[in-house]
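This briefing goes with the sequence and structure shown below. It covers strand pairing, the hairpin, aromatic pairs, a surface patch and salt bridges.

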Amino acid sequence: AVVELELDTPDAHCELEFRFANLASRPRLRLSRPRLRGTLRLHWEWIREYPYIGRVRYTFLQPPSFDAGLEPLGGVDVTQLPAVGPFIFDLAASARHTHIHTHA
């Protein structure tokens with residue numbers, strides 16, 4: 001089965017705190033309003049007893065798109081800045097594409 005997936009959670013957020021060996025301060029990054037969109041291929045195996053579905057496997061047919069707000073400065077969403085936002089998303093997209101393995 002092929003399923004369109006769109007996960008949009010405007011109230012969700014995640015705070016990350018980084019610890020570096022040579023820095024006394026601990027920089028924080030807040031990820032807010034995450035949104036994931038892509039097309040999934042689902043494969044499941046039927047079984048005879050309840051719950052009737054055994055193993056479920058899923059794969060994205062193409063790399064999913066991901067969007068979120070980044071607030072490293074305590075409330076300023078840097079993805080809304082004119083030059084910084086597109087640069088961050090392009091950087092994340094290129095990193096995501098280099099780590100996705102496709103099977104032909």
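**Strand pairing and side-chain contacts**

Glu4 stands opposite Thr39 in β3. This bridge belongs to the antiparallel pairing of strand β1 (residues 2-8) with β3, which runs over seven bridges. The model is predicted. Its secondary structure amounts to one helix and five strands, in the order β-β-β-β-β-α along the sequence.

**Overall figures**

- The protein has 104 residues, of which 13% count as buried.
- Its accessible surface is about 8,600 Å², and carbon and sulfur atoms hold 59% of that.
- Among contacts with a separation of 6 or more, 49% are between residues 24 or more positions apart.

**Pairings of β3**

- Strand β2 (residues 13-17) runs antiparallel to β3, and five bridges join them.
- His13 has Ser32 in β3 as its bridge partner.
- Ser32 also stands opposite Gly69 in β5.
- The pairing of β3 with β5 is antiparallel and has six bridges.
- β3 and β4 are likewise antiparallel, over six bridges.
- Within that pairing, Leu40 has Phe60 in β4 as its bridge partner, and His43 is opposite Arg57 in β4.

**The β3-β4 hairpin and the loop after it**

- β3 and β4 make up a hairpin, with six residues lying between the two strands.
- Tyr52, in the turn, has a positive phi of about 70°.
- Tyr52 is partly exposed, at 43% relative accessibility.
- Pro63 lies in the loop between β4 and β5 (65-71) and is partly exposed, at 38% relative accessibility.
- The C-alpha atoms of Pro63 and Ala93 are 9.3 Å apart, while the two residues are 30 residues apart in sequence.

**Aromatic pairs**

- The structure contains two aromatic pairs.
- Trp44 and Trp46 form an edge-to-face pair, with 6.0 Å from centre to centre and 85° between the planes.
- Trp44 is partly exposed at 32% relative accessibility, whereas Trp46 is exposed, with a relative accessible area of 62%.
- Tyr50 and Tyr52 have ring centres 6.0 Å apart and planes at 90°, so this pair is edge-to-face.
- Tyr50 is exposed, at 70% relative accessibility.

**Nonpolar surface patch**

- Which residues form the nonpolar patch on the surface? They are Trp44, Trp46, Tyr50, Tyr52, Ile53 and Val56.
- Together these residues have about 720 Å² of accessible area.
- β3 (28-46) and β4 (53-60) each contribute at least two residues to the patch.
- Trp46, one of the patch residues, is in strand β3.
- Trp46 can be counted in the patch because its relative accessible area of 62% is over the 30% required of a patch residue.

**Salt bridges**

- Five salt bridges are found in the whole structure.
- Arg35 and Glu6 form one of them, at 2.5 Å from N to O.
- This pair connects distant parts of the chain, as Arg35 is in strand β3 and Glu6 in strand β1, 29 residues apart.
- Glu6 also forms a salt bridge with Arg37, at 2.9 Å from N to O.
- Glu6 is in strand β1 and Arg37 in strand β3, so their salt bridge ties together parts 31 residues apart in sequence.
- Glu6, Arg35 and Arg37 are thus linked in a network of salt bridges.
- Each member of the network is partly exposed: Glu6 at 42% relative accessibility, Arg35 at 32% and Arg37 at 40%.
- The side chains of Glu15 and Arg30 also meet in a salt bridge, at 3.7 Å from N to O.
- That pair links Glu15 in strand β2 with Arg30 in strand β3, 15 residues apart.
- Glu15 is partly exposed, with a relative accessible area of 49%, and Arg30 is partly exposed, with 28%.

Terms used:
Residues are numbered from 1 along each chain as its sequence is written. This is a predicted model: local features need pLDDT of at least 70, side-chain atom pairs count only at pLDDT 80 or more; totals for chains, interfaces and linings use all residues. Side-chain values use heavy atoms; hydrogens and water are left out. Patches are made of residues with over 30% relative accessible area and no salt bridge: like charges are joined within 9 Å, nonpolar side chains (Val, Leu, Ile, Met, Phe, Trp, Tyr) within 5 Å. Accessible areas come from the Shrake-Rupley method with a 1.4 Å probe; for residues, only the protein chains shown count as cover. A salt bridge is a side-chain nitrogen of Lys or Arg within 4 Å of a carboxyl oxygen of Asp or Glu. Helices (H or I, at least four residues) and strands (E, at least two) are DSSP runs, numbered from the N terminus. Buried means under 20% relative accessible area, exposed over 50%, partly exposed in between (1.4 Å probe, protein chains only). Two strands pair if DSSP finds at least two bridges between them. Contact means heavy atoms within 4.5 Å. Rings of Phe, Tyr and Trp (its six-membered ring) pair if their centres lie within 6.5 Å; planes under 30 degrees apart count as stacked, over 60 as edge-to-face and the rest as tilted.
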